[in-house]
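Student: I am new to this structure. Please take me through its salt bridges, one pair at a time.

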Amino acid sequence: MDNAQLNAFLQNPETHFPDFSITRGFDSEKCDLALNLDNPTSAMDEGEEESFADLMLCDSNSRLIPSGFSKSNCTDEIVMFINAGGEALNETDSSMKFLGDNYFEGGNVMQTNEPINEAGDCPFIYWSARIGSFSYRFNNLPPGDYFVDLHFAEIINTNGPKGMRVLSDFDIFSVVGANKPLQVVGLRVSVKEDGLIALRFEGVIGSPMVCGICVRKTQNIPVTQGSQEYLKCNNCAAEIEVSSAQMKLVRTKVTDKYEKKIQELTTQCQLKTHECHEAWMSLTAANEQLEKVRMELDNKIFLTRTLDDTVGKQAENLKNITSSYEHYKKYWAAAVNNLQEKIKIMKNEHAQLSHEAHACAESIPELNKMVIGVQALGNIRVFCRCRPLSKEEISTGSAQVVDFDAAKDGDIGILTGASTKKTFKFDRVYTPKDNQVDVFADALPLVTSVFDGYNVCIFAYGQTGTGKTFTMEGTDQNRGVNYRTLEQLFLIAKERSETFMYNISVSVLEVYNEQIRDLLSTSPTSKRLEIKQSAEGFHHVPGIVEAQVENIKEVWNVLQIGSNSRAVGSNNVNEHSSRSHCMLCIMVKSKNLMTGECTNSKLWLVDLAGSERLAKTDAQGERLKEAQNINKSLSALGDVVYALATKSSHIPY
């Protein structure tokens, strides 16, 4: 090679003389490591124009070993062997000691359970590593020459899912493959008086994984000192001397070239990283959208199944309703036929009762008329209550003349002789054993119908001393129909309070000697009270006191006031006989909260004065006049009921 060729090579070594490589003598004061991770041998064999600087190692004696540590290959004295990222270990079959990772600065620890292929005699070295940007410092070493061996490993699942790797200046994978070790051995270093060896893995692109560092004592091998450098032809082995200044220029140009390449690759890496990030974000968005669509599809499927189940249940319900309809259709048809048969039987019984009522017409004319009326009016019921004998009657030897053998069927017999009796038919017969509760139980359906808008009247009719006032009013300990009726009305009003609103008021009247008296009036008045008929056809007494009641306590007070104001007197039949007709009127105003419909209805509870035979009562003067008026009014009541029953054109109200 002449001087012109040499100068041309030094100016542009990348494009001139590809058959030459460059080496230099070993500088014992500096240990720099530069590894090109492409395969240099194959590149030169194929004749590509790769720079000879790609083959450069600062220490010409160092070499790469694509396998793990082998004791047989290590003949020098081992000063220390650092298990990077791991703990101190002792070999059981030798005197080798592996020191713990205590000499580092910076970096992180990586450990794995992955099997390492071709790991050599000590595979545990490659199960841990120090990664990142870090350095090692070994102090207090005797001055002299040492060899430093670096042990690397490619662990394929580092920093990501299995199969992903981090590219770095130390791309072990491209040299040995996955999960395999790589040794860089024979890096020669000279220790001065300070006794320090410093290894820096700082500013390296990626994350190099250093599994172990072995420091060996060198043998006394002479080393060629100096800065003599030369070019050697690969074909003819001819050597051409090159000055240090020229060689430095070559290295500078080559370094600049690779710095530019590194910069370009770094830029490309950043672009690819950005593209990968965008692709990852796009994939994430697509996955989120897919998940959203999947959830919507699941919701639609669930809704469809729910609708199918609902349709199935509705179909089953419709089938059940149809079946139930057919069943009840047959049931009610049979019930209607049964009722028709019962109606026929009741008509026959009605005719029989009518015949029996006529039989007792001569004995009690007024009762006969009323019974006839009741037989004709289907919405009127007649109950008969027989009181027990009083103490006076028992003391005088009086005997019971009423036969209750057929009382359950509504029949009573009046003994008229030793073996003869007259039978009377009623809707219900109460014997002396029946109490106030039994009497009110049969009156309850009539009472509750007031809340449905019907007008109802219950009156007690009978001779003086038969217990009419006791049945209607009762006592504090044994309340009668009046109190129990109002108590039941308030109970029903409370039960229906969510759908109905009720307003209840009461008034108490007395008809005495053909005169109407207001028993709740606190001040006497000379104004005559009269019965009037309203435009709607109802009868009422203008000017009477209507007491608003909110609870049963207020009701009892009102009833007591009316009872105390009633006219009573004594006669031969009853010492405290009621000498007037007492009428308790309960007015109910209701409003349906759902429909807004309003109704007004009245419930009359009447305690009639006792009917009397004038000769028997021995009444005279005022009492005689009272008895005559009482019998007259009771007879008039019988005439009204009879006229209603016979549908007479004139009702003698």
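Tutor: What follows is a walk through three of the pairs. Keep in mind that this is a predicted model. The structure holds 14 salt bridges.

Start with Asp101 and Arg130. Their side chains meet in a salt bridge, 2.9 Å from N to O. This pair links distant parts of the chain. Asp101 sits in the loop between strand 5 (97-98) and strand 6 (104-111). Arg130 belongs to strand 7, residues 128-138. The two are 29 residues apart. Asp101 has 7% relative accessibility, so Asp101 counts as buried. Arg130 has 3%, so Arg130 is buried too.

Next come Asp145 and Arg188. They form a salt bridge with the closest N and O atoms 3.6 Å apart. Asp145 lies in strand 8 (residues 144-153) and Arg188 in strand 9 (residues 181-191), so the bridge ties together parts 43 residues apart in sequence. Here the surroundings differ. Asp145 is partly exposed, at 28% relative accessibility. Arg188 is buried, at 6%. The cut-off for buried is under 20%.

Now turn to a helix. Glu291 forms a salt bridge with Arg294, and the closest N and O atoms are 2.4 Å apart. Both residues are in helix 4 (residues 244-359). Because they are 3 residues apart there, about one helical turn separates them. Glu291 is partly exposed, at 35% relative accessibility. Arg294 is also partly exposed, at 41%. The story extends to another residue: salt bridges with shared partners join Glu291, Arg294 and Asp298 into one network.

Key: Residues are numbered from 1 along each chain as its sequence is written. This is a predicted model: local features need pLDDT of at least 70, side-chain atom pairs count only at pLDDT 80 or more; totals for chains, interfaces and linings use all residues. Side-chain values use heavy atoms; hydrogens and water are left out. A salt bridge is a side-chain nitrogen of Lys or Arg within 4 Å of a carboxyl oxygen of Asp or Glu. Helices (H or I, at least four residues) and strands (E, at least two) are DSSP runs, numbered from the N terminus. Buried means under 20% relative accessible area, exposed over 50%, partly exposed in between (1.4 Å probe, protein chains only).
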